[in-house]
Amino acid sequence: MTRPLLLAVDPDPESLSRIEQELSRRFGIDFRVRGESDGRAGLATLEKAAERGEPVALVLADPWLEDVPGTELLGRVRSLHPDAGRALLVPWGAWADRRTADAILKAMAHGEINYYVLKPWTSPDELFHRTVAEFVQAWSRTVIDGRREVVVVGAARSSRGHEVRSVLSRNGIPHAYLDRGTPQAKQALDAIAAPDPDEATGPLVVWFASLGGKVLVDPTDQEILTAWGIRTDLEPEDRDVDVVVVGAGPAGLAAAVYGSSEGLTVLCLEEHSLGGQAGTSSLIRNYLGFSRGLSGAELAQRGFQQAWVFGARFVLTRRVTGLVANGPVGSGFRVDVGDAGSVNAKSVILASGVAYRRLGVPSLEALTGSGVYYGANVSEAHGLTGAHAVIVGGGNSAGQAALHLHRYAADVTIVVRTADLSGSMSQYLIDEIEASPYIAVVPNAEVVGGGGDGWLSHVVVSDRTSGEQRTLPADGLFVMIGAAPHTDWLPEAVLRDKWGFVITGAGVDDAGWTLPRPPLPHESSVPGLFAVGDVRSDSVKRVASAVGEGSVVVSEVHRYLALSPAPAGR
């Protein structure tokens, strides 16, 4: 099999030689390392690789190539090899040079590069190796082949196949989806003598990471997560805890990390997947400490592992259906967990986030999972190579999805109800979208129709002012509009605003509060029940703010527990 290419383009012979040596030293066994001294030669190498179907993992280019500027060269990489990492080569200290700094910032804003890499100056240069390794690791997760921990074999366009991919992606389980009947799928199944996929009613999930290979035939979500080692049912030790956290999005994960690290027994219950809505984000670039960005799934997986190491317990695919006070204030709560029974908790942190609102168009609702998706669902991007994608929504998640999809799709159209994106999307995303020739924004509009024969083929967009309608080709429709908190299962005593978001702290009026002390900042109208993140009324709908609220609420839980008498018999 052809080794993936690591290409460096640098006009300085001494610098290029050092880069090639460092790349070969660490990556030469598994990757083909090549150096070019000018942009035209580098571009020719990349074009030949594309013609031959040879994989390219990473391209590094000096910004000041005389014939083809480094930023222009890397911009071409995006269309020739959409999965390849792209970085400018910068010598130590050059970031202080205004010209170099402007080149980096402009290229980042226009989406021409992923980041920059400092040229090696010593040998071995471990910082250079680490940076390149991070690019290579990110690229390796985009490769579609049978050499993954988990391989799914199913129909090319399958609603259940989409659901399985979504469960795996959102829970950070590395996998590849192979279309039934392809040579790659046959090779993967032959390696472990798996059942004939044509005889299965749904997708086959092959766990190559398991000794001997483990095959699940049309598994449920619970079976998939259990096989990966994520719990989906309550154990006896889960029945009596200090804190139940409802939701494993950024706010819930942060609460689990800080609560468990401070000695509280924490049980986190999640109905769907780790990361919540943020878990579908392809690349979050404005989260503190991750200058190159990271995916929502990776952020969620890191938070989950961090909380688990501190002793927090997690149960996924279980919906919390009820909350009942065990008695007077301080007596704790009974948390009903679907058909899994109940849990006694001294306090509860509600971090259930929100869900995207439905379009309510019958012809499109009928195609949910068959070209129509609620959320980013970045796992679908490869399946839209050369196709038409439409995104409904103007928030950060919509912008991140557009920038991810445009690496593969022929074109991406963003439909937004407002006049532009400035009121709901971060500027860095707007800049990249405006710079892309493959992304179009349709303002002041909404999707009112569409359809297809078993799979989405088109959508109908209506201008909100004139009422004029037009039909757009669409192989994938990603809906990210509005936010519904789904808090109707909470007791009536929990005050909510007119949209259903939970009111906390100073927002709780006198009529809804019965104690002599004021409610704590994230405490609801029911003492001991806290709300953080998107489900809280007037919260800032950003990942960082959700993490912040999930962190600080733990100190409020400690205060509440200290003020509350211990329930009898506990």
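What is the handedness of the crossing of helix 9 and helix 14? The crossing is right-handed; by that term I mean that the near helix is turned clockwise from the far one by less than a right angle, an anticlockwise turn being left-handed.

Before I continue, a note on the basis of this talk. This is a predicted model, in which local features need pLDDT of at least 70 and side-chain atom pairs count only at pLDDT 80 or more, while totals for chains, interfaces and linings use all residues. Residues are numbered from 1 along each chain as its sequence is written, and side-chain values use heavy atoms, with hydrogens and water left out. Helices (H or I, at least four residues) and strands (E, at least two) are DSSP runs, numbered from the N terminus.

I return to the helix pair. Helix 9, residues 250-261, packs against helix 14, residues 543-563, at an angle of about 35 degrees, and their axes are 7 Å apart. Axes here are lines fitted to C-alpha atoms, for helices over the stretch in contact, and angles run from 0 to 180 degrees between N-to-C directions. Helix 9 contributes P250, A251, A254, A255, Y258 and G259, and helix 14 contributes V543, A546, V547, G550, S551, V553 and V554; contact means heavy atoms within 4.5 Å. By class, these residues are ten nonpolar, three polar and no charged. In this scheme Ala, Val, Leu, Ile, Met, Phe, Trp, Tyr, Cys and Pro count as nonpolar, Asp, Glu, Lys and Arg as charged, and the others, Gly among them, as polar.

V543 also appears in the surroundings of L299. Leaving aside neighbours within four places in sequence, L299 is in contact with I284, Y287, L294 and V543. L299 belongs to helix 10, residues 296-309, and is buried at a relative accessible area of 16%. Buried means under 20% relative accessible area, exposed over 50%, and partly exposed in between, with a 1.4 Å probe and protein chains only.

A second helix pair is formed by helix 6, residues 159-170, and helix 8, residues 221-228, which pack at an angle of about 35 degrees with axes 10 Å apart. Their crossing is right-handed. R160, V164, V167 and L168 of helix 6 meet D221, I224 and L225 of helix 8, and the contact holds five nonpolar, no polar and two charged residues.

I turn to the buried faces of individual helices. In helix 3, residues 70-80, the buried residues are G70, T71, L73, L74, V77 and R78. Seen down the axis of helix 3, they fall within an arc of 160 degrees, so they line one face of the helix; the arc is that of the directions from the helix axis to the C-beta atoms. Their cover includes strand 1 (5-9), helix 2 (39-52), strand 3 (56-61), strand 4 (85-90) and helix 4 (98-109).

In helix 7, residues 183-190, A185, A188 and L189 are buried. Their arc is 95 degrees, so they too line one face of the helix. P183, K186 and Q187 are exposed on the other side of helix 7. The buried residues of helix 7 pack against strand 6 (150-154), strand 7 (175-179) and strand 8 (204-207).

Which residues have the most contacts inside the largest nonpolar core? They are I391, V459 and L477, in a core of 44 residues. A nonpolar core is a set of buried Ala, Val, Leu, Ile, Met, Phe, Trp, Tyr and Cys residues joined through side-chain atoms within 4.5 Å. Helix 12, residues 396-405, gives the most to this core, with five residues. A second, separate core of 42 residues includes L5, A87, V90 and V117.

Finally, some backbone features. Most residues other than glycine have a negative phi, and most peptide bonds are trans. The peptide bond from S123 to P124 is cis, with omega near 0 degrees, and P124 lies in the loop between strand 5 (115-118) and helix 5 (126-140). D218, which is not a glycine, has a positive phi of about 45 degrees; D218 is in the loop between strand 9 (214-217) and helix 8 and is partly exposed at 29% relative accessible area. N444, also not a glycine, has a positive phi of about 50 degrees. N444 sits in the loop between strand 19 and strand 20 (445-451) and is partly exposed at 21% relative accessibility.
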